[in-house]
Amino acid sequence: MKKILIIDDEADLRKLLTDYFEMNGYFVMTAKNGNEALRQIENQPDLILLDINMPELNGLELCRKIRCFVSCPILFLTARVEDADKISGFRAGGDDYILKPFSIHELGARVEAHLRREVRSQNKTSIKFSEDLIIDYSARALYFHDVQISMAKKEFDIIELLSTHPGMVFDKERIYEKVWGLDDEGDSAVIAEHIRRIRFKLKEHGCENRIETVWGVGYKWRKS
C-alpha cells in the first residue's frame, strides 16, 4: 500500500483528498502546517502533495528543508502560478505543479504516473526532524541548521537509541546493554561521559540539549 502525505491548511481539501485516495487503496497521512509535516515525513511517504501557500513555513521553504533527506516525489498544490514561480518550485526540489481548482481524477492519474516512474524510493533513508535538528539514521549523521555535527560511533549509537524512543527513560545499565552489547564487559559509568560529550557538541553548535536527565533513574530524549 503506497503512502501519501497531504500537507494543506484547508481542512475541507484535506478531507476530500483523504477520502479519494483511501478509496483508491492508498494509506493517507495529513498535516495542516509545516511542523506537523516534519513529524509525518518520518513515516517515509511514497509521495507528498504540498500546498504552497501555508502560514509560517510555506510550501517552498518546507520543500527546501526536506529535499536533501526525502527522495519521494513532491507535487505542489497552488491556486495560481507564474513561470518564475514554477522555476522556484522546481529549484526547491518539487517534481510537479497541480493548479487549484483541479480535477480530482486528473490528480489521481498524475499521482499514479509519478509513483510508476519513481525509482528513487529504493534509496530511502530513515530520518527524524526535531525543530532544526535533523538525524539521518541511514547515513549516521546529525545536522543542526544544515551544519553537520560530528559524533563518535558510540555517541551516535546513544543518540539513535534515545531519539527513536522519545520520552522513554533508559537507565545507564540499559543504555550500556543496548549500545555496547550484553557480552561486552565494562563500566556503565562511561554512559555519563558519552552523554556529557554529546551535550557539549550540541551546545557548541548552538543546539539546545535534547537529552534530559531523570535524576536517580536515567536519561530520555526530549519530545518535540
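Me: How many helices and strands does the protein have?
Reply: The model is a predicted one, and its secondary structure includes both kinds of element. Counted over the protein, there are eight helices and eleven strands.

Me: In what order do the five strands of the open sheet stand?
Reply: These five strands pair in a parallel manner, and the twist from one strand to the next averages 20 degrees. Read across the open sheet, the order is β2-β1-β3-β4-β5.

Me: Why is one side of β2 and of β5 left without a neighbour in the sheet?
Reply: Strand β2 covers residues 27-31 and strand β5 covers residues 96-99. Each of them has a single partner strand, so one side stays without a neighbour, because both β2 and β5 stand at the edges.

Me: Which residue in β4 does L49 stand opposite?
Reply: Strand β3, residues 47-51, runs parallel to strand β4, residues 74-78, and four bridges join the two. In β4, the residue opposite L49 is L75.

Me: Which helix lies across β1, β3, β4 and β5?
Reply: Helix α4, residues 83-92, lies across β4 and β5, and runs at about 135 degrees to β5. The helix that lies across β1, β3, β4 and β5 is made of residues 59-67 and runs at about 170 degrees to β4; this is α3.

Me: What percentage of the residues in the protein is buried?
Reply: A residue counts as buried when its relative accessible area is under 20%. Applied to the 224 residues in the protein, this gives a buried share of 46%.

Notes
Residues numbered from 1 in each chain as written. Predicted model: local features only at pLDDT ≥ 70, side-chain atom pairs only at ≥ 80, totals over all residues. Heavy atoms only, no water. Pairing = 2+ DSSP bridges. Axes fitted to C-alpha atoms, helices over the stretch in contact; angles between N-to-C directions. Contact = heavy atoms within 4.5 Å. Buried < 20%, exposed > 50% of the residue type's maximum accessible area, 1.4 Å probe, protein only.
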